[in-house]
Amino acid sequence: MAEALPTKNPSQMTDAEIAQLKMPYGRILVYLKPWLGRFILGVVLGIGAAAFNGVLIIAISLIFQLVLDGGSQTLGEPLKVPILGEVNIAELLGFSNDTKVGLWGVIFACACIPVLMFINGFLEYLNKYCLAWVGAKMLFHIRSDVFRSILRQSPAFFSHTKAGELMQTVFNQSRVAQTNAVQLVQLLTNRPLTIIAILYVLFAQDWFFTLMSLVIFPLCLAPIITIGRRVRKSGSREEKEVGTMMTTMHESFTGIRLVKAYARESYEVKRFDRANRTMIQNMLRWTRATELVGPIVESVASIGIAAGLVYFWMQQRSAGELIVLVMALTKIYPPAKELSKVNMLMQKTVFAVNKVVHLLDRAADIQDAPNAPDLPRIKGAVTYENVSFSYSNIDGKPLERAAVTGVHLELAPGKFYALVGPSGAGKSTLFSLLLRFYDPASGRVLMDGIDIKTVTQDSVRDNIGLVSQDTFLFHDTIRENIRYGRLDATNEEILAAAKKAHAHEFIQQIQGGYDAVVGDAGCNLSGGQKQRLSIARAILRNAPILLLDEATSALDTETEKIIQEAIHTLSEGKTVIAIAHRLSTIMEADQIVVMKDGQVDAVGSHSELLKTSVLYQKLYSLQFNE
Ligand SMILES: Nc1ncnc2c1ncn2[C@@H]1O[C@H](COP(=O)(O)OP(=O)(O)OP(=O)(O)O)[C@@H](O)[C@H]1O
C-alpha cells in the first residue's frame, strides 16, 4: 500500500505528474470498512432507484394510454406496454371487461404518477443520504487522522512546510477527497444503470426511434468531451490557488503586528489578490465551460425532437406515445451529463486523495523506539555526551554547517545553568535536542543517565517545563491558558500557580478575571503579562527540568524584577537551563556555559569565567559598557 504513495507532495507536482497519480484505493477502504454495511445498502438503493426508472416509464406509458382515450375506453381493452406486451387491466384488477375507465379511473391512474415519482425520488434520496452519511463519517476520521498525523511531525517538517497549505489539506482537500469519492460511487453505480434501464424500455417501445435518437446522442456528447478536457486543468489550478490564498491569509493574520508595523496591508492584499484573481479566473473558466455544455446539448437534442415529430407523423402514431418516448429520452440526459464529468471528478479526487494520504502516511522524523518505556519522573540530571547535530534542508539532507559539534556537558540536578554566547552559537539547538525535537547525528542526550532516544518522547517532555521568549497564548480563557501546563489541574492549583508567578494581581484587574478570553477586547496582554502567564503554566507543570529561553528579554526593569522573582520561585529544586543575552540575569547561576560556533568554549561560574574566558570577558565588557 505504502509503495503506491507519491514521495513528493502532490502540491509540488506538475500537471503531467498529477495526471499519472494512481488512486490509493486500499488507503480509502480502511476508512470505509467500519461502515461497509451502510455503504453497500446505499449502493443497492442506487441500483434499485436506477431500475425503477424503467418501471416508471412502463407505468407512465400505461397511464397515458388509459387516460388519453379515457372517456371512451373500457378496462378490458388490451394496452400495449413496453417489455410486458399486451396488458388487460380488467383481468389484472378483477373487473369485468366492459367496465368504463371513467373519470374516477382517470383520476386514480393520474394519482399513481405522483406516487410513482415519489417512490423513485425517495429511493434516490435514500441512496444519496446513505452514501453521504458514510462519506461524512469518513470525512470526520480522515480529517482527524490528518490533523493527528501533522501534529506528530517533528519541527523539521514544519520549518519546511507552509501552515496555510497544511490547513488547506486538512480542511479542503479531505472534503474534496471524501465528497468526490462518494459522488463517484454514486455516479458509477446509479447513472449507467439508469441509462441502461431507460434504454431497455425504449428499445422495447420503438427500436427505430430509439436507435435514431442514439445516433444523435453522441453528437450531444461531443461538445461535452471537448469542453471537459479544457476544464480539467482549470479545476486543479483552482485547488492550488486556494492553497496559496490560505497561506497568505495565515501569514498575514499570525504576523499582523509586523504587517501593521511596516504598513504592509496593501502589499498583503496584493499578494492575496494575485492568488484570488487566478483562482477566480480559473473558476470562471471552469463555470463558462461547464455551463456551455447545457445549451449546446439542448440545441442538438431539439434537432432530434424535430426529427422525431416528422417520424411520428409518417408512422401515424399517437401524441401520447411520442410524449412518453421524449420524456424517457430526456431522462437519459442528466445521468449522461453527469457521467461525462466522471473523468474530471476522478482526476480531482485522485489529486486530493493523494495529497491527504501523503500527509496521513508520512512517517514522523522522530519516532519512539518500538515498545519504548516511559521515562519516570527524574531527579533532573542532564548530560550531552559528545553531541553533534546539523539541521537538514528541504530534501532531508544535512546542511554542511553543523549547529553543534562535540558538545559535552554534565548538568547536575537542582542546579542553575546559563547558556551564553553570540547569536547562532547553538544555544537553542541544545534545548531542541533535549526536548527531542531532533535526534543528534552523533553522541547521546541523557536524562538521569537514560538515553532519551530509548524512552517515549511524551515522557521525556513531561519532565521538562519551558518558558520561552515568544510566549504563545491560545484564544481561550486565561484559566485554560494556564491549565495547558497540566490538563488535570484544579482551579485552586491554577490560582496558586498564578499567585506564585505574580500574575494573580493583574488577572484580577482584567474584566472577567480568570475567565477573560485572551485576545478579546479588554484582555490584550502586555509582553510581561504574557510571560507571567507562561511562567504560571510552567509552575503548574512542575517538571524537574526547566528551560528558560531569554525569558526576561525586552522588559522594563520593574517587570523584569517581578519576573525574576517568579522564575526564582519556579526554579526551586529544579535543574534550570537558561539562555540569556543579558548577563545581569544569570550572574548568580551555578555554572555558565559559554558557547561559540556550535561548541562549548568555556564552563564556570561568573567570577571564574571573567578570569578564564576571553569570549565571556568580551560579552561582559560589551554589556558593561552599554
Ligand atoms: N531550523 C533550522 N534550520 C536550519 N538551520 C538552523 C535552524 N535553526 C537554527 N539553525 C542554524 O543553527 C545554528 C545554531 O542556531 P541556534 O538557534 O541554536 O543558535 P542560538 O545560539 O540559539 O542563536 P540565538 O541566540 O540567535 O537564538 C545557526 O547557524 C542557525 O542558523
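How closely do the axes of helix α3 (residues 36–68) and helix α7 (residues 163–205) come, and at what angle do they cross? In this predicted model, the two axes come within 9 Å and cross at roughly 20°. Because angles under 35 degrees count as roughly parallel, α3 and α7 are described as roughly parallel to each other, and their crossing is right-handed. On the side of α3, the contact is formed by Phe39, Val43, Gly46, Ile47, Ala49, Ala50, Ala51, Asn53, Gly54, Ile57, Ile58 and Ser61, which meet Val185, Thr189, Asn190, Leu193, Thr194, Ala197, Ile198, Val201 and Gln205 of α7. The residues of this contact divide into 13 nonpolar and eight polar, with no charged residue among them.

Helix α7 also packs against helix α11 (residues 319–340), with axes that come within 9 Å and cross at roughly 160°. This angle makes α7 roughly antiparallel to α11, and the crossing of these two helices is left-handed. The α7 residues in this contact are Leu187, Arg191, Pro192, Thr194, Ile195, Ile198, Leu199, Leu202 and Gln205, and they meet Glu321, Val324, Leu325, Ala328, Leu329, Lys331, Ile332, Pro335, Ala336, Glu338 and Leu339 of α11. Here the contact residues divide into 14 nonpolar, two polar and four charged. Thr194, Ile198 and Gln205 of α7 appear both in the contact with α3 and in the contact with α11.

A further element of the model is an open sheet of six strands, which has the order β8-β9-β10-β5-β11-β12 and mixed pairing. Its edge strands are β8 (464–468) and β12, each of which pairs on one side only. On average, and with direction ignored, neighbouring strands of the sheet are turned by 20° against each other. Helix α18 (residues 527–541) packs on this sheet and touches β8 and β9 (545–549), and the direction of α18 makes about 175° with that of β8.

Within the sheet, both senses of pairing involve strand β11 (residues 591–596). With strand β5 (residues 416–420), β11 pairs in the parallel sense over four bridges, and the bridge partner of Tyr417 in β11 is Gln591. With strand β12 (residues 599–604), β11 runs antiparallel and is joined by five bridges. In this antiparallel pairing, Val594 stands opposite Ala602 of β12, while the bridge partner of Met595 in β12 is Val600. The two strands β11 and β12 form a hairpin with two residues between them, and Asp597 in the turn has a positive phi of about 50°.

As to confidence, the mean pLDDT of the protein is 83, and 91% of its residues reach 70 or more. Over residues 1–7, by contrast, the pLDDT is below 50, and this stretch has 10 contacts in the model beyond near neighbours in sequence. Where pLDDT is low, the predicted coordinates should not be read in detail. For the model as a whole, the scores are ipTM 0.97 and pTM 0.75.

Methods: Residues are numbered from 1 along each chain as its sequence is written. This is a predicted model: local features need pLDDT of at least 70, side-chain atom pairs count only at pLDDT 80 or more; totals for chains, interfaces and linings use all residues. Side-chain values use heavy atoms; hydrogens and water are left out. Two strands pair if DSSP finds at least two bridges between them. Axes are lines fitted to C-alpha atoms, for helices over the stretch in contact, and angles run from 0 to 180 degrees between N-to-C directions. Angles under 35 degrees count as roughly parallel, over 145 as roughly antiparallel, 65 to 115 as roughly perpendicular and the rest as oblique. A crossing is left-handed if the near helix is turned anticlockwise from the far one by less than a right angle, and right-handed if clockwise. Contact means heavy atoms within 4.5 Å. Ala, Val, Leu, Ile, Met, Phe, Trp, Tyr, Cys and Pro count as nonpolar, Asp, Glu, Lys and Arg as charged, and the others, Gly among them, as polar. pLDDT is the predictor's confidence in each residue, from 0 to 100.
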